[in-house]
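I opened my notebook to look up a few things in this structure. Come along and check each one with me.

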Amino acid sequence: MIGLLRNQISSYSNRGINHNELSMKSPEFQPISAVAHPNIAFIKYWGNRDQELRLPLNSSLSMNLSGLETLTTARFDPALDHDIFILSGENVVGPALERVSRFLDHVRSLANTNVYAHVESQNNFPAGAGIASSASAFAALAMAASHAIGLNLDEKDLSRLARRGSGSASRSIPNGFVEWQAGTSDADSFAFSISPADYWDLVDLICVLDTTPKFVGSTGGHALASSSPLQPLRLAHVKDRLEQCRKAILVKDFESFAQVVEEDSHLMHAVMRTSNPPLHYWVPETEIVLWNVLTWRKEGVPACCTVDAGPNVHVLVLSDYAAAVGARLAELPGVQKILKAYPGPGASLV
Ligand code: PMV
């Protein structure tokens, strides 16, 4: 699938441009393709202190998901009178195009130009499967668009740029296991790798339970976070949880990792459920998966769960146990499909 996606680059990234045209254009206006992976947060980001700049209320920690990817090609074109965004072959209009265009406005302001862009993107994973595609989408777009417009940003500035599209996208820029420091301002709110993808043999078994589109997306959810009386409580000890999680990864202590990952996920969902209006993302089968995985862990199986803004459960397991746990999960009621992902690299040009 991924090979297929990549083979399509040459066909779509040069669409509409012949070789003579290309040689007439300045080098910064050539099409550039980039690939990025979604990530799963072990210590969650929920709530912004600056919604516009997407400055988070707390630092977070995640793992990039190899095997799942977004491939994006950006081409700035002086002949265009507006941005064009093609997703999976479909011309996107309305709020999704506006969000991409606002992001491109920021790229243009950094490059001091007003040239519009043609952006073409596709994911190799299904929409609505409990995988935040906005993270890989804006990480790939940040990398492709910044290069296509002639900016040569380092990893830190790419992460800051990706953050402006979607907070969690900042974490899809660096490699492997990644921490996004909340920072004090736009300048120091960026993500960095704490260990490379091949550091720890974790597997993420994503149990797809329900693919109905979310009633409130994460941007809307962040805006509601502070209406929950539990949000201050969640934030009070998030630094300790992040430290415990970082340390557990670095020393490969699965038991400590599992305890803190589940606690952090439950705290985020407690905030969601007690916000005004409340956000209930789970379906009954979500609880069934959580309960079973907890029971298996008590029996000695190294597996734990985390859930993002949706009903689907990410079951994290040491790779030696992935096949056995996957087989057990497939037997549980409501499990429609299991996607398998490994610790993944950061975003890269193709
Ligand atoms: O980056 P956003 O705005 O899609 O927010 C992501 C929110 C969660 O996925 C629920 C948590 C996280 O840290 O990724």
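Here are my entries on the ligand, the salt bridges and one strand.

**Before I start**

I reminded myself that this is a predicted model.

**Entry 1: the ligand**

Which residues come nearest to the ligand? I looked around it and noted Y45, S166, S168, R171 and S218, out of 14 residues in the surroundings. I then sorted the residues of this shell by type and wrote down five nonpolar, six polar and three charged.

Next I looked up distances from polar side-chain atoms to oxygen atoms of the ligand. For S134 I wrote down 3.4 Å from a polar side-chain atom to a ligand oxygen. For S166 the distance from a side-chain N or O atom to a ligand oxygen is 2.9 Å. For S218 I found 2.7 Å between a polar side-chain atom and an oxygen of the ligand. How much of the ligand does the protein bury? The ligand taken alone exposes 380 Å², and 97% of that is buried by the protein.

**Entry 2: salt bridges**

I kept one general idea in mind here: side chains of opposite charge can pair when their charged atoms come close. How many salt bridges does the count give? It comes to twelve, and I looked up three of them.

My first pick was D157 with R160, whose side chains meet with 2.8 Å from N to O. Both residues sit in helix α5, which covers residues 155–165. They are three residues apart, about one turn of the helix. I noted D157 as partly exposed, because its relative accessibility is 24% and the buried class needs a value under 20%.

My second pick was R246 with E179, where the closest N and O atoms are 2.8 Å apart. Why does this pair tie together parts that are 67 residues apart in sequence? The reason is that R246 lies in helix α8 (residues 238–251), while E179 belongs to strand β10 (residues 177–180). Are the two partners buried or partly exposed? R246 counts as partly exposed at 26% relative accessibility, whereas E179 counts as buried at 7%.

My third pick was E262 with R297, with 3.0 Å between the closest N and O atoms. This pair links distant parts of the chain, 35 residues apart. E262 is in helix α9 (residues 254–273) and R297 is in helix α10 (residues 284–298). I found E262 buried at 9% relative accessibility, and R297 is buried at 12%.

Then I went back to D157 and R160, and followed shared partners. Salt bridges join these two with R163 and D186 into one network.

**Entry 3: strand β14**

I turned to strand β14, residues 313–318. Why is β14 largely enclosed by the rest of the structure? Five of its six residues are buried, so the rest of the structure largely encloses it.

Which strands pair with β14? I noted two of them, β12 and β13. Strand β12 (residues 202–208) pairs with β14 in the antiparallel sense, over six bridges. Here I could place L202 opposite L318 of β14. Strand β13 (residues 303–307) also pairs with β14 in the antiparallel sense, over five bridges. In this pairing A303 stands opposite V317 of β14. How many residues lie between β13 and β14? I wrote down five, and the two strands form a hairpin.

I closed with a general reminder for looking at any sheet: in a regular strand the side chains alternate between the two faces.

Technical notes: Residues numbered from 1 in each chain as written. Predicted model: local features only at pLDDT ≥ 70, side-chain atom pairs only at ≥ 80, totals over all residues. Heavy atoms only, no water. Near = heavy atom within 4 Å. Polar contact = N/O pair within 3.5 Å; in protein donor to acceptor, adjacent residues only side chain to side chain. Areas by Shrake-Rupley, 256 points an atom, 1.4 Å probe, with all protein chains shown as cover. Nonpolar A, V, L, I, M, F, W, Y, C, P; charged D, E, K, R; others polar. Salt bridge = Lys/Arg side-chain N within 4 Å of Asp/Glu carboxyl O. Helix = DSSP H or I, 4+ residues; strand = E, 2+ residues; numbered from the N terminus. Buried < 20%, exposed > 50% of the residue type's maximum accessible area, 1.4 Å probe, protein only. Pairing = 2+ DSSP bridges.
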